[in-house]
Protein chains: 2
Amino acid sequence: MALSAEKLTNNQQTVLDLLEKSKEPLKAYAILYDTQKKGITAPPQVYRALDKLIEIGKVHKIESRNSYIACTHKNCNSSTNTAFLICETCDHVSELTQKNLPSYFAKQSEQADFKYAKHNLEIYGVCKDCTK
Amino acid sequence: MALSAEKLTNNQQTVLDLLEKSKEPLKAYAILYDTQKKGITAPPQVYRALDKLIEIGKVHKIESRNSYIACTHKNCNSSTNTAFLICETCDHVSELTQKNLPSYFAKQSEQADFKYAKHNLEIYGVCKDCTK
DNA sequence: TAAAAAGTGTTATAATATAACATATCAAAT
DNA sequence: ATTTGATATGTTATATTATAACACTTTTTA
């Protein structure tokens, strides 16, 4: 079965639903707080669900913020290539959709005798709304 | 006074010395442990030194590993553009020296109506030594 | 040399994440 | 249909990473 079609468990679906309806990345303990009513009562339940969702590419972690965001790409099943635009003014985060980043980075890596496998890119700046 | 020429305090120098002689990135509490003899006895002392060193570009944080590494560039005085090659086999980390990454990312960002300011790139793969 | 800015030492605590374990559920393959 | 192996669950406890707060000291600069 393809990863992207994988059936989610209750906890996984609960966490994914919350992230998908959120306008912004959420922190693990915010997710915990917001899912108490759905039966998620302890940190491991959140982290396990996140681990699985990240593994199948439905969720990404913003490393520099310790926060988690639902993937905006259709049928994304990759957890290996991530690139974000993070607004320093309003904290909005969007995914940078750039098909050729992996090959670009692979080329750069090769020049340093390094075999590229995956990447995480976090770009900071000012988003469209905040430049107005 | 230029940032890169800034005079460091005792604690800052102690932490920088340790990182510079380390072959690998260090975690904050490892730094704390290794600098006890030098009078650093509590976490805030480490984090303050790191904050300053990061600010002046002498040290970078590997976000996805919560670890810190001395900058390998001569007279680096920037904390705004970082790119690392992280070996998944041996955990060795090296900085990717690529002058044109900022302009490349600025261009990519522009296409998403995003005003680029700085970036952090973490590439995972296999280093030269580990491919042998 | 006074004032402002930056750093220090210290205690306490916040925020983020995982270990461990007994039990439960699910998938698949005989 | 039933065993089996893999995966998930609920729970308690704890590990790891990082900051708040405060009184005091040192350094810089006007």
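This report walks through the symmetry, the shared core and one buried helix residue of a predicted two-chain model.

## Ground rules

Residues count from 1 along each chain as its sequence is written, and chains are lettered from A in the order in which they are written. Because the model is predicted, local features need pLDDT of at least 70 and side-chain atom pairs pLDDT 80 or more, while totals for chains, interfaces and linings use all residues; side-chain values rest on heavy atoms, without hydrogens or water.

## How the copies relate

Chain B lands on chain A after a rotation of 180 degrees with 0.0 Å of shift along the axis, at an RMSD of 0.0 Å (least squares on C-alpha atoms of residues with pLDDT of at least 70 in both copies). The two copies are therefore related as by a two-fold rotation axis. Within chain B, the residue closest to that axis is L121(B), with its C-alpha at 2.2 Å.

The copies meet through the same surface, because 100% of the interface residues of chain B are also interface residues in chain A.

## The shared core

The largest nonpolar core holds 24 residues (buried Ala, Val, Leu, Ile, Met, Phe, Trp, Tyr and Cys joined through side-chain atoms within 4.5 Å). Among those with the most contacts inside this core are F105(B) and L121(B). In each of chains A and B, β3 (81–87), α4 (101–110) and β5 (115–126) supply at least two residues apiece (helices are DSSP H or I runs of at least four residues, strands E runs of at least two, numbered from the N terminus).

Beyond its neighbours within four places in sequence, F105(B) is in contact (heavy atoms within 4.5 Å) with F105(A), L121(A), I123(A), Y116(B), H119(B) and L121(B).

## A buried glutamine

Q12(B) sits in helix α1 (residues 10–21) of chain B. Its relative accessibility is 13%, so Q12(B) counts as buried (under 20% relative accessible area, with a 1.4 Å probe and protein chains only). Leaving aside neighbours within four places in sequence, Q12(B) is in contact with K7(B), A49(B), K52(B) and L53(B).

Note on methods
Buried means under 20% relative accessible area, exposed over 50%, partly exposed in between (1.4 Å probe, protein chains only).
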